[in-house]
Amino acid sequence: MSTFGATPGGGVERQAASVADGENRAWFTAWLVENDFEVKVDAIGNIFGLIETVPGAPYVVVGSHLDSQPLAGRFDGAYGVLAAAHAVRAVAAGDAPARFNLAVVDWFNEEGSRFKPSMMGSAVLTGTLPVAKALATTDPAGTTVSEALDAIDGRGNFAGLDVAAYLEIHVEQGRELEDTGTTIGLVSTTWTAHKLEVVVTGEQSHTGAARMVDRRDALYGAAELIVAVRRLIDGFEPEQLHTAVSEMYLDPNSPVAIAREVRLLVDVRSPERALLETAVAQLRERMTEIEAVAKVEIEVRGLVEWSSGPFLEEGILLAAAEAERLGYTYRRSATVAGHDATNMKEVVPTVMLFVPSVDGISHNEREFTSDDDMVAGLDVLTAVVARVASGALSATDGDAIAMSVGDR
Ligand code: GLV
Ligand code: MN
Ligand code: MN
């Protein structure tokens with residue numbers, strides 16, 4: 001997989017529906033076919049590999065994502081898809097009594113780097129993002145998701161499936177497991193995140209000739225805002241708030257023109273929703289001050305958010321029991337990054353596992369997880385998939401959720 005979109009520094013670049021993403025998806029699809037999965041692709045480009053052993057029963061779905069950030073690591077998402085495929089294949093070939101069918105999924109556009117928001121494919125399937133809106137989303141060059149998917153032959157007509165449970169394994173992208181010498185993270189909670197699309201508006205003028213007093217420099221306002229976002233953490237306890245300005249476009253971006261407009265993405269996260277709301281309220285106050293100082297307007301035009309919340313306790317205990325039985329060290333983890341499991345846990349019983357990330361580095365070519373840790377993760381994932389597929393999670397006793405790409 002790492003040969004698709006390989007970068008000179010040992011990473012990959014496979015942004016959603018890029019040529020490299022398309023090549024990787026084609027390779028994965030061929031692998032699924034060779035291994036007797038029935039391959040289905042839905043309207044937002046999610047790829048499913050189905051194994052039906054219990055005719056008509058709902059599915060235990062296991063997966064992650066094959067797309068990547070720009071200049072990214074080899075493990076984020078890709079490990080989870082590959083581990084899911086191997087776990088499902090092993091469980092299907094095993095002789096444990098099955099109560100549910102099995103599916104592997106590669107969610108489309110988890111990363112949200114080329115097309116916002118992140119976790120797009122799972123947001124459509126869980127009904128929080130209408131498929132038409134997702135397909136009409138544009139990248140910075142103006143290409144829509146539907147055009148980009150068509151260019152890699154990435155859209156299908158699979159309507160959806162009944163889901164009994166969802167499982168995902170992922171590299172931790174932090175360094176708690178490494179710091180504590182633990183092999184398996186049992187994801188027990190997720191941080192709250194707010195992603196604000198901010199537009200700073202000034203007035204274009206001459207960089208040399210315009211009087212300083214007359215200038216309405218959007219880039220100056222944006223610079224003040226960037227500093228304010230970083231300094232927001234000063235009023236909070238360590239590790240209670242993570243903040244960043246991650247993306248910026250300016251117009252006209254010309255050597256001899258004061259910027260008339262800057263568009264920024266502000267990312268604020270906290271383990272506590274109330275604390276995050278306090279921080280964002282403080283940031284909005286700073287925005288008002290910056291408007292006056294820089295003589296600009298600052299507008300929040302879009303907000304994507306998800307809430308902190310627990311993962312299913314019964315799933316955590318089940319995964320802990322399997323890690324214990326297999327002799328791996330384990331502990332509860334919080335996920336700060338968003339994952340498709342973050343969407344899925346809102347609608348179906350969901351179990352998420354982590355394996356260690358060396359130095360906690362991710363979204364970087366240097367991202368690394370050892371073979372031993374990946375194999376340990378696969379062992380535990382396979383064991384948990386087997387248990388869930390045979391009905392060990394009483395949370396799956398309720399009605400399975402019908403998940404489809406249709407607007408709801
Ligand atoms: C998604 O991957 C996020 O953490 O924003
Ligand atoms: Mn990921
Ligand atoms: Mn990622």
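Select the manganese ion (ligand 3) and the manganese ion (ligand 2): the two are 3.6 Å apart in this predicted model. Add aspartate 76 to the selection, since this residue coordinates both ions.

**The site of ligand 3**

Stay on the manganese ion (ligand 3) and show its donors. These are Asp76 through OD, Glu111 through OE, listed twice, and His363 through NE2, with distances of 2.0 to 2.4 Å. Along the chain, the donors follow the spacing D-x34-E-x251-H.

Now switch to a cartoon view and locate two of these donors. Aspartate 76 is in the loop between β3 (59–64) and α2 (78–93), while histidine 363 is in the loop between β15 and α11 (371–389). The pair therefore ties together parts that are 287 residues apart in sequence.

Colour by accessibility next. Is aspartate 76 buried or exposed? Its relative accessibility is 6%, so aspartate 76 counts as buried, the cut-off being under 20%. Histidine 363 has a relative accessible area of 39% and is partly exposed.

**Ligand 1**

Move to ligand 1 and display the residues around it. Which residues surround ligand 1? They are Glu110, Ser118, Lys195, Arg269, Trp306, Ala337 and Gly338.

Three polar distances can be drawn here, each from an oxygen atom of ligand 1.

- To the side chain of glutamate 110: an N or O atom lies 3.2 Å from a ligand oxygen.
- To the side chain of arginine 269: an N or O atom lies 2.9 Å from a ligand oxygen.
- To the backbone of glycine 338: an N or O atom lies 2.7 Å from a ligand oxygen.

**The cavity**

Finish with the enclosed space. How many cavities of 30 Å³ or more does a search of the whole structure find? The search finds 1, and the largest cavity holds about 50 Å³ of space.

To see its lining, select Leu186, Val187, Phe311, Leu312, Gly315, Ile316, Ala319, Thr350, Val351, Met352 and Leu353. The elements that give two or more residues to this lining are β6 (184–190), α9 (313–326) and β15 (350–355). Of the elements, β15 gives the most, with 4 residues. Strand β15 also appeared earlier in the tour, as one end of the loop that holds histidine 363.

Colour the lining of the largest cavity by residue class: 9 residues are nonpolar, 2 are polar and none is charged. The polar class includes glycine, and Gly315 is one of the lining residues.

Methods. Residues are numbered from 1 along each chain as its sequence is written. Chains are lettered from A and ligands numbered from 1 in the order in which they are written. This is a predicted model: local features need pLDDT of at least 70, side-chain atom pairs count only at pLDDT 80 or more; totals for chains, interfaces and linings use all residues. Side-chain values use heavy atoms; hydrogens and water are left out. On a 1 Å grid over the protein atoms alone, a cavity is a set of points where a 1.4 Å probe fits but cannot get out, and a pocket is an open set with protein on both sides within 12 Å along at least five of seven lines; lining residues have an atom within 4 Å of a point. Grid points are joined across faces, edges and corners, and a volume is the space filled by probe spheres set on the points. Donors are N, O and S atoms within 2.8 Å of the metal (3.2 Å for Na, K and Ca); water is not among the atoms, so sites may look incomplete. Buried means under 20% relative accessible area, exposed over 50%, partly exposed in between (1.4 Å probe, protein chains only). A residue is near a molecule or strand if one of its heavy atoms lies within 4 Å of it. A polar contact is a pair of N or O atoms within 3.5 Å; within protein, one must be able to donate a hydrogen and the other to accept it, and residues adjacent in sequence count only if both atoms are side-chain atoms.
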